[in-house]
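Here is the note you asked for on this model. The points are numbered so that each can be checked against the coordinates in turn.

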Amino acid sequence: MNYVDGFVLPVPEKNLDAYFEIAKTAGEIWKELGALEYMECVADDVKTGVHTSFPQSVKLEEGEVVVFSYIVYASREDRDRINEAVMKDPRMQAMMGPDMMPFDGKRMIFGGFKARVAL
């Protein structure tokens, strides 16, 4: 069964074009190095909840939007190998400077998940 990395992050609306430009390049790198699927999504129908919600999870601020992303791999082993290679890739390193990211990385949520149902 596949393995999935998932991400939820706040991106200032004014930085969305810059974010998705970086995301497109990053996705191309992940796919080139073996990821099966790379997806970046911007919130469209996401409301603040009473107890929990996507906006609350990233402490969404005025002028920001939630971005949900995921990367699919054949296995956890592939994910670990691919992520290591991605982080060493010079194209990725060129985008990773502290002033390069168009969002607040401290409020990004991410993790790896074992797929249990895939249709």
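Which residues make the nonpolar surface patch of about 230 Å²? The points below start there. Please keep in mind throughout that this is a predicted model.

1. The nonpolar patch. Val 46, Phe 54 and Phe 68 make up this patch on the surface. Of these residues, Phe 68 belongs to strand β3, which covers residues 64-73. Phe 68 has a relative accessibility of 33% and therefore counts as partly exposed, since the partly exposed class runs between 20% and 50%.

2. Arg 107, position and burial. Arg 107 sits in the loop that joins α4 (90-94) to β4 (109-114). Is Arg 107 buried or exposed? Its relative accessibility is 13%, so Arg 107 is classed as buried; the limit for that class is under 20%.

3. Arg 107, polar partners. The side chain of Arg 107 comes to 3.1 Å from the backbone oxygen of Val 58, and to 2.8 Å from the backbone oxygen of Lys 59. Arg 107 also forms a salt bridge with the side chain of Asp 104, with an N to O distance of 3.0 Å. Asp 104 is partly exposed, because its relative accessible area is 27%, whereas Arg 107 is buried at 13%.

4. Arg 107, wider contacts. Setting aside residues up to four places away in sequence, Arg 107 touches Val 8, Pro 10, Val 58, Lys 59, Leu 60, Glu 61 and Glu 64. Val 58 and Lys 59 are thus in this contact list, and each also offers a backbone oxygen to the Arg 107 side chain.

5. Lys 59. This residue lies in the loop between α2 (54-57) and β3. What is notable about the phi angle of Lys 59? Its value is near 50°, which is positive, and the residue is not a glycine. Lys 59 is exposed, because its relative accessible area is 63%. Its backbone oxygen is nevertheless reached by the side chain of Arg 107, a residue that counts as buried.

6. Salt bridges, count and an exposed pair. How many salt bridges does the model contain? The count comes to eleven. One of them joins the side chains of Asp 45 and Lys 47, at 2.7 Å from N to O. Asp 45 is exposed, with 59% relative accessibility, and Lys 47 is exposed as well, with 62%.

7. Salt bridges, a pair within a helix. The side chains of Arg 76 and Asp 80 form a salt bridge at 3.2 Å, N to O. Why are these two residues separated by about one helical turn? They are four residues apart in helix α3 (residues 76-88), which means a separation of about one turn. Arg 76 is partly exposed with a relative accessible area of 40%, and Asp 80 is partly exposed with 35%. The pair also belongs to a network of salt bridges that links Asp 5, Arg 76, Arg 79 and Asp 80.

8. Aromatic pairs. Six aromatic pairs are found in the whole structure. Among them is the pair of Tyr 19 and Phe 20, whose ring centres are 5.2 Å apart and whose planes stand at 80°, so the pair is edge-to-face. The rings of Trp 30 and Tyr 38 have their centres 5.9 Å apart with planes at 35°, so this pair is tilted. Trp 30 is buried, at 7% relative accessibility. Tyr 19 is buried at 7% too, while Phe 20 is partly exposed at 27%. Tyr 19 and Phe 20 are joined by Phe 103 in one aromatic cluster.

9. Leu 36. Leu 36 is found in the loop between α1 (16-32) and β2 (37-42). With 45% relative accessibility, Leu 36 counts as partly exposed. Which residues does Leu 36 contact, leaving aside neighbours within four places in sequence? They are Asn 2, Lys 31, Val 72, Tyr 73 and Ala 74. Leu 36 and Ala 118 are 82 residues apart in sequence, and their C-alpha atoms are 14 Å apart in space.

Conventions: Residues numbered from 1 in each chain as written. Predicted model: local features only at pLDDT ≥ 70, side-chain atom pairs only at ≥ 80, totals over all residues. Heavy atoms only, no water. Buried < 20%, exposed > 50% of the residue type's maximum accessible area, 1.4 Å probe, protein only. Polar contact = N/O pair within 3.5 Å; in protein donor to acceptor, adjacent residues only side chain to side chain. Contact = heavy atoms within 4.5 Å. Patch = residues over 30% accessible without salt bridge, like charges linked within 9 Å, V, L, I, M, F, W, Y side chains within 5 Å. Areas by Shrake-Rupley, 256 points an atom, 1.4 Å probe, with all protein chains shown as cover. Salt bridge = Lys/Arg side-chain N within 4 Å of Asp/Glu carboxyl O. Phe/Tyr/Trp six-rings, centres within 6.5 Å; stacked < 30°, edge-to-face > 60°.
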